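New to this one? Here is a quick tour to read alongside the sequence and the 3D view.

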Amino acid sequence: MIKRSFIGLAKPLIEYQAMDVTPLEPQEISIPKKVTLFIDRPYNHRDSILLNIGDQVKTGQKLSYSEDSDAYVISTVTGTISSISSFIGDYGKAYTAISIDVDENEETDDQFKELIEDPTLDTASNYLSGVPGNPCFKIFSDPERPINTIIVSGADCDLLITTNQYVVKAHINAINNGVRVLKKITGIDNILIAVPENLMQDAVASGAEVRTVDSEYPSALPHLMMQTISGQVVPAGKSCEDLGVCFFSTEAVASIGKAFNEGSIPVTKTLTFIDKNGEKTLVSARIGTPVSEIIKAFNVTLNEQDRIIFGGPMTGSSIYSEDYPVQADTDAIIVQDKDHVALVSEYPCINCGECIRICPVNVPVNILVRFLEAGQYEEAAEHYDLYSCIECGLCSFVCVSKMPVFHYIKLAKYELDRISIAEATNA
Amino acid sequence: MLNQKKLIVSHAPFCHDGSSISVRSYHMMIAALPAVLFGFFQYGINAVGVVALSISFAIIWELAINKVTKRSISIGDGNTALIGLLFAMLLPATSPWWLVITGTFVAVVIGKHIFGGIGGNPFNPVLIGLAILMVSWKDFFDFDQALLNYDLGFAMVYPLAAVKHLGTPGIEAFSTGGLLLGQQSGGIGATFGLGLILGGIYLIVRGFIRWEISISFLAGIFITALLFNLNNPTLHAGPLFHLFTGYTLIGAFFLASEDSSSPVNFIPMLIYGAGAGIMTVLVRNLGSYVDGVVFAILLMNLINPIVDKIRPKALGKVV
Ligand code: SF4
Ligand code: SF4
């Protein structure tokens with residue numbers, strides 16, 4: 001994909017993909033025969049859940065998990081529930097997976113429509129938290145961390161992706177509407193929109209204050225955006241929300257805008273599909289569409305040992321099954337041929353210092369990685385800035401030893417989280 | 001989920017810039033080539049023999065260690081071949097075979113593998129090998145004696161020895177240009193200044209070595225030598241003489257910059273390089289050894305972990 005330049009003296013310049021001047025309309029993937037939706041809650045068959053196999057559902061219908069839980073998902077098709085099962089995602093996160101066999105005739109549920117006249121935060125969080133772009137409304141009702149600024153990001157945070165930029169170009173009116181709705185339901189007036197420089201003109205029409213994001217990776221990651229946009233440095237181990245700033249993608253805001261404008265919940269996700277040759281196409285597909293459908297639509301042959309990545313090349317995650325569905329935050333799908341799969345090696349750190357040069361936040365990666373390899377996570381967190389890492393993946397990208405540095409970092413954070421959760425529950 | 005294709009699942013990132021240890025090692029060797037070829041040209045078949053023996057045995061020792069410790073074979077990464085090559089470049093062309101074999105053993109086994117192999121060595125393995133030989137068999141490193149039988153059309157005296165024993169009058173025969181063009185006796189691959197500089201520039205531009213170390217090393221030598229020279233011009237040679245003689249250039253570009261034993265942060269790199277440069281001249285002008293590069297770099301290797309603690313504050317660090 002991106003190779004080291006001949007002149008290695010200078011820091012490599014890794015740039016985000018810029019949107020074409022006149023973007024093509026996304027290629028539409030027809031509705032598949034079956035979709036799978038995830039409810040953000042572990043499935044326990046002893047729970048008295050509100051869903052049953054054989055239930056008829058309509059497009060836009062809210063499928064709640066149970067009476068005593070507010071976890072739900074919005075059906076993106078009309079059809080019959082064919083299975084309910086447990087699904088374990090990255091780092092052991094558990095979901096309830098619901099498969100729906102799709103009917104020919106699409107019907108739209110209009111429960112939401114009755115509520116659009118007077119948008120409230122409750123309506124939004126009860127119906128819209130799974131719309132394309134995956135907005136999070138819970139953060140507005142956390143009394144410990146009051147939010148005072150919303151940054152709408154029209155810059156895609158990983159390489160090669162143009163999904164959110166496309167939304168700025170094509171759906172600026174919906175964004176404008178979404179910004180208005182957000183202001184109303186949250187009471188937050190300070191809404192900014194951050195876009196790459198070439199979209200500045202377009203972004204003005206959003207009604208939010210425009211800021212630009214640098215084109216060099218990883219400046220569109222939240223922590224760095226905070227620094228350039230609001231001048232605040234996020235303390236290690238804290239999140240942007242702790243400082244009262246939250247991020248919404250432009251797609252999320254556009255979805256909110258559209259929902260309240262049209263009275264129907266958006267169910268179609270826009271994403272950048274990148275085939276084995278690196279050819280990029282914008283695609284729109286129902287949330288829940290298995291990735292195999294998209295791969296088929298592009299005539300890509302998938303072989304053993306190929307790789308499918310959800311998300312960008314730096315921070316995405318690879319999946320193990322073609323049946324894996326498109327989700328509300330799947331901004332890109334990349335298919336890599338097995339010959340192009342970059343592998344890690346078993347070499348230790350040779351102390352070449354490349355990671356030190358490239359780390360945007362000065363993490364002493366060369367030392368950190370030695371502690372992580374040895375499993376000394378606490379030490380790593382305490383003395384070697386594990387929590388300053390903003391998870392850009394660049395250190396792994398340049399590592400001469402091809403160590404899975406980024407993997408070690410994520411794993412360490414995950415393990416430390418588990419330890420602190422366990423301590424909290426035992427205390 | 002029957003008939004599933006098996007996909008490769010791994011962690012982000014899903015691309016790599018293509019760099020690797022072997023690319024690094026082989027480019028170091030390519031960069032060393034002009035100086036080595038010049039050594040072949042000057043010292044003929046003896047030099048070829050020493051270099052070949054040194055590289056072969058470095059590889060053999062590595063392979064032996066791989067077998068003994070039951071690890072995967074690592075000779076393909078070029079690191080050990082590089083150790084062999086650099087080691088040979090420092091030796092006089094007349095070095096006996098057992099010296100080469102012992103030296104590579106010390107370098108590869110003691111210098112590198114005892115400390116856990118590549119990346120774990122606190123000292124430059126080549127210099128460990130050389131230092132131990134220099135202490136044990138001092139006479140073989142007396143270049144005047146070792147190269148006694150060569151007549152290459154220039155004064156066959158080791159410049160650093162000459163200035164040590166005779167002061168500046170002893171080195172009037174050496175011109176800066178001549179030194180750069182390799183008209184001096186010394187290690188097989190350590191005398192051709194121009195070649196080493198070209199190789200060094202290549203490595204710096206390609207980013208295979210850290211320029212901060214090389215440049216500060218040379219600057220340290222230059223400034224310290226200049227001060228000595230200004231203080232006593234008849235006893236101490238000028239800065240240029242020090243830059244282009246002995247192991248200075250090979251040290252700056254190929255030895256001090258060894259990854260594992262040198263710092264990676266900016267200020268530490270400058271301290272490390274300059275420190276090694278200053279120490280070198282101190283040893284040369286005041287110490288008992290003729291050349292100080294080997295011990296100066298080893299000494300700085302020793303304090304490297306402490307120096308490298310000086311690093312920029314990480315973003316958001318709460319102290
Ligand atoms: S992923 Fe690596 S390069 Fe990126 S911030 Fe973390 S430590 Fe630094
Ligand atoms: S890039 Fe890899 S090998 Fe080089 S110092 Fe960093 S972790 Fe070590």
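The notes below go topic by topic through the two ligands, the salt bridges, a surface patch and some backbone details.

Keep in mind that this is a predicted model. A search over all chains turns up 25 salt bridges in the whole structure, and a few of them get a closer look below. Chain A has a domain division to get your bearings by, and chain B has a helix that is largely enclosed by the rest of the structure.

**Finding your way around chain A**

- Chain A is split into domain 1 (28-106), domain 2 (114-262), domain 3 (267-340) and domain 4 (354-426).
- Taken over C-alpha atoms, the centres of domain 1 and domain 2 of chain A sit 27 Å apart.
- T250(A) belongs to helix α6 (residues 250-262) of chain A, and with 0% relative accessibility this residue counts as buried.
- Have a look at T250(A) together with Q165(A): they are 85 residues apart along the chain, yet their C-alpha atoms are separated by 7.9 Å.

**The two ligands**

- Ligand 1 has 13 residues around it, and the closest are C359(A), C389(A), C392(A), G393(A) and C395(A).
- Sorted by class, the shell of ligand 1 holds eleven nonpolar residues, one polar and one charged.
- Around ligand 2 you'll find C349(A), I350(A), N351(A), C352(A), G353(A), E354(A), C355(A), N366(A), C399(A), V400(A) and S401(A).
- The shell of ligand 2 breaks down into six nonpolar, four polar and one charged residues.

**Salt bridges worth a look**

- Some background first: side chains of opposite charge can pair when their charged atoms come close.
- K317(B) pairs up with D385(A) in a salt bridge, with 3.1 Å between the closest N and O atoms. K317(B) is in the segment after α13 of chain B, and D385(A) is in the loop between α10 (377-383) and α11 (394-398) of chain A, so this pair joins two chains.
- The two partners differ in cover: K317(B) is partly exposed at 25% relative accessibility, whereas D385(A) is buried at 5%.
- E415(A) and R418(A) make another salt bridge, their closest N and O atoms being 3.5 Å apart. Both lie in helix α12 (residues 405-426) of chain A, three residues apart, which is about one turn of the helix.
- E415(A) counts as partly exposed at 22% relative accessibility, and R418(A) counts as partly exposed at 46%.
- In chain B, R210(B) and D259(B) meet in a salt bridge at 3.2 Å, N to O. This pair links distant parts of the chain, 49 residues apart: R210(B) is in the loop between α8 and α9, and D259(B) is in the loop between α11 and α12.
- R210(B) is buried at 3% relative accessibility, and D259(B) is buried too, at 13%.
- R210(B) and D259(B) also take part in a network of salt bridges along with E354(A) and R24(B). You've met E354(A) already, as one of the residues around ligand 2.

**A nonpolar patch on the surface**

- Residues from both chains, including F6(A), I7(A), L9(A), W211(B) and F266(B), form a nonpolar patch with about 1,000 Å² of accessible area together.
- Three helices of chain B, α8 (193-206), α9 (211-231) and α12 (266-286), each supply at least two residues of the patch. The most comes from α12(B), which gives four residues.
- I310(B) is part of the patch as well. You'll find I310(B) in the segment after α13 (293-307) of chain B, and at 42% relative accessibility it counts as partly exposed.

**A buried helix in chain B**

- What about helix α11 (residues 248-255) of chain B: buried or exposed? Eight of its eight residues are buried, so the helix is largely enclosed by the rest of the structure.
- Among those buried residues are T248(B), L249(B), F253(B) and F254(B).

**Backbone details**

- Y217(A) and P218(A) are joined by a cis peptide bond, with omega about -5°. P218(A) sits in the loop between β10 (209-213) and α5 (222-230) of chain A.
- The peptide bond from A12(B) to P13(B) is cis too, with omega near -5°, and P13(B) is in the segment before α1 (21-69) of chain B.
- Q305(A) isn't a glycine, but its phi is positive, near 70°. Q305(A) is in the loop between α7 (291-297) and β14 (307-310) of chain A, and it is partly exposed at 42%.
- K70(B) also has a positive phi, about 55°, without being a glycine. K70(B) lies in the loop between α1 and α2 (79-90) of chain B and is exposed, with a relative accessible area of 75%.

Note on methods:
Residues numbered from 1 in each chain as written. Chains lettered and ligands numbered in written order. Predicted model: local features only at pLDDT ≥ 70, side-chain atom pairs only at ≥ 80, totals over all residues. Heavy atoms only, no water. Patch = residues over 30% accessible without salt bridge, like charges linked within 9 Å, V, L, I, M, F, W, Y side chains within 5 Å. Areas by Shrake-Rupley, 256 points an atom, 1.4 Å probe, with all protein chains shown as cover. Salt bridge = Lys/Arg side-chain N within 4 Å of Asp/Glu carboxyl O. Buried < 20%, exposed > 50% of the residue type's maximum accessible area, 1.4 Å probe, protein only. Near = heavy atom within 4 Å. Nonpolar A, V, L, I, M, F, W, Y, C, P; charged D, E, K, R; others polar. Domains from an automatic or database assignment.
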